[in-house]
Amino acid sequence: MALSLGEVAAAGGSRLRRQLESGSFAAEEYVKVLSQQSDGDRDLQEHRQRIQALSEETAQSLKRNVYQNYRQFIETAREISYLESEMYQLSHILTEQKGIMEAVTQALLQQASTTDRDDPALGGARRAAADPHANPFLPLSAKDPAANEEGRQRTLTTLLEKVEGCRDLLPESPGKYLVYNGDLVEYDADHMVQIQRVHAFLMNDCLLVAAWLPNRRGTYRYDALYPLDGLAVVNVKDNPPMKDMFKLLMFPESRIFQAENAKIKKEWLEVLEETKRNRVLSEKQRLEQEAPPRAPPPETTNPFEEDEEEESTPEEEIVDLSLEWIQELPEDLDVCIAQRDFEGAVDLLDKLNEYLGDKPVTQLVRELRVKVDERIRQLTDVLVFELSPDRSLRGGPRATRRAVSQLIRLGQSTKACELFLRNREAAVHTAIRQLRIEGATLLYIHKLCHVFFTSLLETAREFETDFAGNSGCYSAFVVWARSAMRMFVDAFSKQVFDSKESLSTAAECVKVAKEHCKQLSEIGLDLTFIIHALLVKDIKGALQSYKDIIIEATKHRNSEEMWRRMNLMTPEALGKLREEMRSCGVTSFDQYTGDDCWVNLSYTVVAFTKQTMAFLEEALKLYFPELHMVLLESLMEIILVAVQHVDYSLRCEQDPEKKAFIRQNASFIYETVLPVVEKRFEEGVGKPAKQLQDLRNASRLMRINPESTTSVV
């Protein structure tokens, strides 16, 4: 049976796949053989298509495998994270158990020393069996049986000689001795960048950190001194290449150090915890020894006195921090921050604050607060980064709701407000910059207004939702809205006014912007006065520029005026002119038309009428109160140019027929055009213009005494 073309192609593709997958495949040799065996360009093109199809098939197969295993990858990573957290907790528990065992051992040794004083023989046997070097956390002088107060003092003196600048800060007291010391490397807590090499000296009551002096070997410079009472040590999980690190918390700051290896890091953690416990025990014993013995109460026969004394001496309240969720709280916060479970982290903090709300502030509570405050700072930094403009700006204002709500719950509403508005400002700026500048200005302005005012409206609604209970933040939003409006007006003016668009185009663009701005009234926000204040300068310039153009055109026509009637040649042209005059508001234009296609008006007067009414209509679209005088003065200047020309021509013309024609044109201007201008101005502005009325009334002089040589101006 003959094979089909599809089967032949499949067989060829399978053979090609096996050839490319072989371990001995050589690309250069394969291309050389293929070139020799090919029968022209067509064979090479077909072979190229087969290789391309095989490549696409391989890519699709790889994509399917990735999609199939993607969920397994996520679940495996989550399980690894859980396992790492459990191992860290287990290590923490083992460390605590070891500390408890060492404390028990020390208590037994103290009990044995008391027995030695009572039974010297038994004490001698125990001392013979004991190894003074077995406990690495005893002070240096305590490991030597022959050590005494002089040896401890000599060790401290040697320390003071090696470290510059600490003699005044570290007084030589009889009870101070060196416990442990070693070289460390300090890293920046935020960026994990190496800062400096240090040498740490742990004494029985404080920790001294000294910086290396590179030019003086074996000598150090004083850097910091931390009492053990306010010092907390936290293990830092290894995250290659950052490993063998631990953190020291000293409210309100923290420092991260790296040990030489894991063994030295472990020794530092253990010796710090042990020294802190010894410090607490010794301080407690000292207070007990200094406390004066209580005198026995005098005997009394009052049977109620004992009850009254018990009621009058309240017991010191002890805060129970042994609960499992409190013990695991720092680690749980770390896990929540690492997994970006911000809500869970804030819930844990709220639960802790609720639990400790009515509890006294003890030393253990302070230490817990120090650990928790460090996690709060880390959580705040992560939330701040979520709201930074460097992050993706997609998703709109709602994408920021999660981080903003958690910052508000942490009591940082001011920072949340500032970051939210900064994020939205960057988003709006990016959206405006990404707009394509179309050839048609009006089309671009439509897109610009839609993008900007939609973003502003969404931002206002989201702000109202997120900060509903923080009325003090609303003033910040108003300031931000004004700043955003200024950014919008800059882009608007650059496209509309700087490009010298016509007044009609500018008027349409401003009208579109005003209509979009009115949408903000839906949420009670009116920014119309802001857009007016920002646009007033550009609109004034546009009005004055267009006024100058009209005046120049009118003067040019006046210079060529012959005072002849218009002949439009065709009825269609006459009908079009009638329609234009009707749209300008001149309803009595028919009385100025003659037989056939003649118009009993000058071309200059007709052109002046159309330009003046067009200017007035476009200017009224741009009108707001700040532009009242600019518009009125521009209109007066345009009208005066025509009035002066008619008045001058009437006084200078000697031909009776032309003089009668000029008087007819003047009558059209004063009795038809100016009333229409005055009426339309009053309708658009809302109040009459006295200057226009005075100009129209001045025409009486010409009508009463047309032979007068006095100008009406």
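This section describes an open sheet, a helix that lies across part of it, and a pair of helices in a predicted model.

The sheet is built from eight strands and is open, with mixed pairing. Read across the sheet, the strand order is E1-E5-E4-E3-E2-E8-E7-E6. Strand E1, formed by residues 163-164, and strand E6, formed by residues 232-236, are the edge strands, each of which pairs on one side only.

Several of the pairings can be described in detail. Strand E3 (residues 194-203) and strand E4 (residues 206-212) run antiparallel and are joined by five bridges. Within this pair, leucine 202 has leucine 207 of E4 as its bridge partner. Strand E8 (253-258) is joined to strand E2 (residues 178-187) by three bridges, and these two strands run antiparallel. Here glutamate 186 stands opposite phenylalanine 257 of E8. Six bridges connect E8 with E7, again in an antiparallel arrangement, and leucine 249 stands opposite serine 254 of E8. In a regular strand, side chains alternate between the two faces of the sheet.

The surroundings of E8 were also examined. Of the six residues of E8, five are buried, so this strand is largely enclosed by the rest of the structure.

Helix H11, comprising residues 363-386, lies across E6, strand E7 (245-250) and E8. The helix runs at about 105° to E7. H11 contains 24 residues, and the distance from its first C-alpha to its last is 35 Å, close to the 34 Å expected at 1.5 Å a residue. The buried residues of H11 include the hydrophobic side chains Val365, Leu368, Val370, Val372, Leu379 and Leu383. Glu374, Arg375, Thr380 and Glu386 of H11 are buried as well.

A further helix pair is formed by H19 (residues 603-622) and H20 (residues 628-652), whose axes come within 11 Å and cross at roughly 180°. Because angles over 145 degrees count as roughly antiparallel, H19 is described as roughly antiparallel to H20. On the H19 side, the residues that meet H20 are Phe608, Thr612, Phe615, Leu616, Ala619 and Leu620. Their counterparts in H20 are Leu631, Ser634, Leu635, Ile638, Ile639 and Ala642. By class, this contact of H19 with H20 has 10 nonpolar residues, two polar residues and no charged residues.

Notes: Residues numbered from 1 in each chain as written. Predicted model: local features only at pLDDT ≥ 70, side-chain atom pairs only at ≥ 80, totals over all residues. Heavy atoms only, no water. Pairing = 2+ DSSP bridges. Helix = DSSP H or I, 4+ residues; strand = E, 2+ residues; numbered from the N terminus. Contact = heavy atoms within 4.5 Å. Axes fitted to C-alpha atoms, helices over the stretch in contact; angles between N-to-C directions. Expected span 1.5 Å × (residues − 1). Buried < 20%, exposed > 50% of the residue type's maximum accessible area, 1.4 Å probe, protein only. Parallel < 35°, antiparallel > 145°, perpendicular 65-115°, else oblique.
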